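User: Here's a model I'd like to go through with you. Set out the ground rules, then I'll ask away.

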Amino acid sequence: MSGPGGPVPTPPLLDLPLAHLLQSGGDHRLIVDPATGVSPYRVAPQIRDSVPLGSCTASSPSVTAYRAAEKLLSRLQASSNLASESDRVTSSQRERIQKLFRMPQGSKVILTPSGTDVIYLVSLIALRRSERVHHVIVGASELGGGTVLAAQGKAISDSAPFGSTAVGTPLAGLAERCTAEPVYLRRDDGAQIDEQVVEESVSAAVERVPASSAVVLHLVAHSKTGLRAPSADLCERLSARLGDRLLVLVDGAQGRLAPRDIRRALKLGFPVLVTGSKFYSGPPFSSALLLPETLSSDIGPLPPSLSDWFSSDGFPTSWELTRSSLREQANPGLALRWEAALAEIERYHNVPSRHRAGVYHTFAGAVHEVFGPSEVLEIDVPMPPVHRLVTALGAFPSVFCLRIRGNDGFLRKADLSSLHKLLDTDQGSEHPYLAGRFHLGQPVALGPPETTTSAVLRVALGARLVSDLGSTPDAGGLWLRQMLWALRHKVEHIVKQELF
Ligand SMILES: Cc1ncc(COP(=O)(O)O)c(C=O)c1O
């Protein structure tokens, strides 16, 4: 799409319907199955009538989000020079992110499709300091499914945003210089590993890395189930010892992190991964890497293999070397998704904080009240360690894990996946308890993926519900209880009748 100075013709892509564009410029996880009308995350690229309890995985757009994307599409379609218009749009989106997350002066924002492909860029930043980089991935089984592959510099999907490949294919220029190891936060039975034991494992893993290699330490601010590790104190101690060799990546992909904590992390020199698509309820595949001032300079030309993953309009305009090394100038799908997500983030931050807090408390209370006494559903009460970088409402539980007890014991992940689909499918014609569509977070296997036997479903509070319910006189209490009761009846009926 880039042309030497001259106007770039509007490509046919922009003549396609918004729902199609919202699926472009991402990977297989974004693509809708025509048979069901939903993606593998069971979300649609248009407004969908389902009770939105799945923000820990993904969301279908709200009316506000969809309208914002429509407005931007009209603007892009009306433009006679798409290249410069898309740069103006993404520059303004980066500025809005800087303002919303109260980022310190001098920090920078890179817009990327998914929270997982951000890791390729983090490796390249670390590789400016050393010939090799080793990732220590804390909470590895509760981040993105492709996090370890990405950290090894391998393709995380068969379909990259701008090309096709095969999952696991080494990306030239990256894979030969990257290695990774997981540190788990749970045992096979799903029980949390003691905080001190985790800290010691993390410390030992970092210390083992040879001095010739840089280290990226992944600090998860909120895992898929709400865990946080390692401590900020340990990261600071290791940083003091390893200096520039260590890069602490704060994984805030869940978006359950207050702006002041993002600011604090950046001030400590830690880059932060965020998405507009989890807590904030924007469309999936709207992610960003926030860089502290110390890491804010152009990382130089990217290896050609990364032209399948990134477009130049995602990078700061001052990063001329990086931008000019990329084949694609723009990713209109990404700009449309971020526009939708930003509308949702701005709406959320405009709700007075005491009203937001009211919905958090009401939601937590309703979950315990409705699911607490059930014989089929068992709440796995979140007990994350207190963390210096996770404060305010970010520290308040907003993702609740549910173990489901079937006739022969707790359901494993495969059965939970069938249940997850049924809960999101209206079968009210077969039984009144099967009515309604409830979109929950996807099931998660707890503990090391090769050996775990334990899995949970998740109900999550997201920004969209907080914004919708924050102005109601009961902080959404009546509505939430009605929805959660209907959900409980549906789960119990499906499980007792073994319909999954
Ligand atoms: C804590 C955490 N980190 C990273 C990711 C990966 O983000 P994405 O799904 O955008 O690739 C996820 C996804 O659920 C996550 O929960």
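Analyst: Helices here are DSSP runs of H or I with at least four residues, strands are runs of E with at least two, and both are numbered from the N terminus. Keep in mind that this is a predicted model: local features need pLDDT of at least 70, side-chain atom pairs count only at pLDDT 80 or more, and totals for chains, interfaces and linings use all residues. Residue numbers start from 1 along each chain as its sequence is written.

User: How many helices and strands does the protein have?

Analyst: Counting DSSP runs gives the tally directly. The protein has 14 helices and 15 strands.

User: What is the radius of gyration, and what would a compact globule have?

Analyst: The radius is taken over C-alpha atoms, and the globule rule is 2.2 Å times the number of residues to the power 0.38. For 500 residues that rule gives a value near 23 Å, which agrees with the protein's own 22 Å. The C-alpha trace spans about 60 × 55 × 45 Å along its principal axes. So, for the protein against the globule, it's 22 Å against a value near 23 Å.

User: What share of the residues is buried?

Analyst: A residue is buried if 20 or more other C-beta atoms lie within 10 Å of its own, exposed if 12 or fewer, and partly exposed in between, with C-beta atoms placed from the backbone. Over the 500 residues of the protein, the buried share is 52%.

User: Of the contacts with a separation of 6 or more, what share comes from residues 24 or more positions apart?

Analyst: Two residues are in contact if their C-beta atoms, placed from the backbone, lie within 7 Å. With that cut-off, the share is 71%.

User: Which residues come nearest to the ligand?

Analyst: A residue is near a molecule or strand if its C-beta atom, placed from the backbone, lies within 6 Å of it. By class, the shell divides into three nonpolar, eight polar and two charged residues; nonpolar means Ala, Val, Leu, Ile, Met, Phe, Trp, Tyr, Cys and Pro, charged means Asp, Glu, Lys and Arg, and the others, Gly among them, are polar. Of the 13 residues around the ligand, the nearest are Ser 114, Gly 115, Thr 116, Gly 144 and Ala 253.

User: Ser 287 lies in which strand, and is it buried or exposed?

Analyst: Ser 287 belongs to strand β10, residues 287-291. Beyond four places in sequence, its contacts include Ser 114, Gly 115 and Val 118. There are 28 other C-beta atoms within 10 Å of Ser 287, so it counts as buried.

User: Why is helix α4 called largely enclosed by the rest of the structure?

Analyst: Helix α4 covers residues 118-126. Val 118, Ile 119, Tyr 120 and Leu 121 are among its buried residues. It is largely enclosed because the buried ones number eight of the nine residues.

User: What angle do helices α11 and α14 make, and what is the handedness of the crossing?

Analyst: Axes are lines fitted to C-alpha atoms, for helices over the stretch in contact, and angles run from 0 to 180 degrees between N-to-C directions. Helix α11 (residues 353-371) and helix α14 (residues 477-496) have axes 9 Å apart and pack at about 35 degrees. A crossing is left-handed if the near helix is turned anticlockwise from the far one by less than a right angle, and right-handed if clockwise. That makes the answer about 35 degrees, right-handed.

User: Which classes of residue make that contact of α11 with α14?

Analyst: On α11, the residues include Phe 363, Val 367 and Phe 371, and on α14 they include Leu 480, Leu 484 and Trp 485. In total the contact has eight nonpolar, two polar and two charged residues.

User: Which two residues does the cis peptide bond join?

Analyst: Most residues other than glycine have a negative phi, and most peptide bonds are trans. Here omega is about -5 degrees, and Pro 230 is the second partner, after Ala 229. Pro 230 sits in the loop between β7 (213-220) and α7 (232-242). The pair is Ala 229 and Pro 230.

User: Where is Arg 102 found, and what is its phi?

Analyst: Arg 102 is in the loop between α3 (82-100) and β2 (108-112). With 14 other C-beta atoms within 10 Å, Arg 102 is partly exposed. Although Arg 102 is not a glycine, its phi is positive, at about 50 degrees.

User: And Glu 498: is it buried or exposed?

Analyst: Glu 498 is placed in the segment after α14, and its phi is also positive, near 50 degrees. It has 10 other C-beta atoms within 10 Å, so Glu 498 is exposed.
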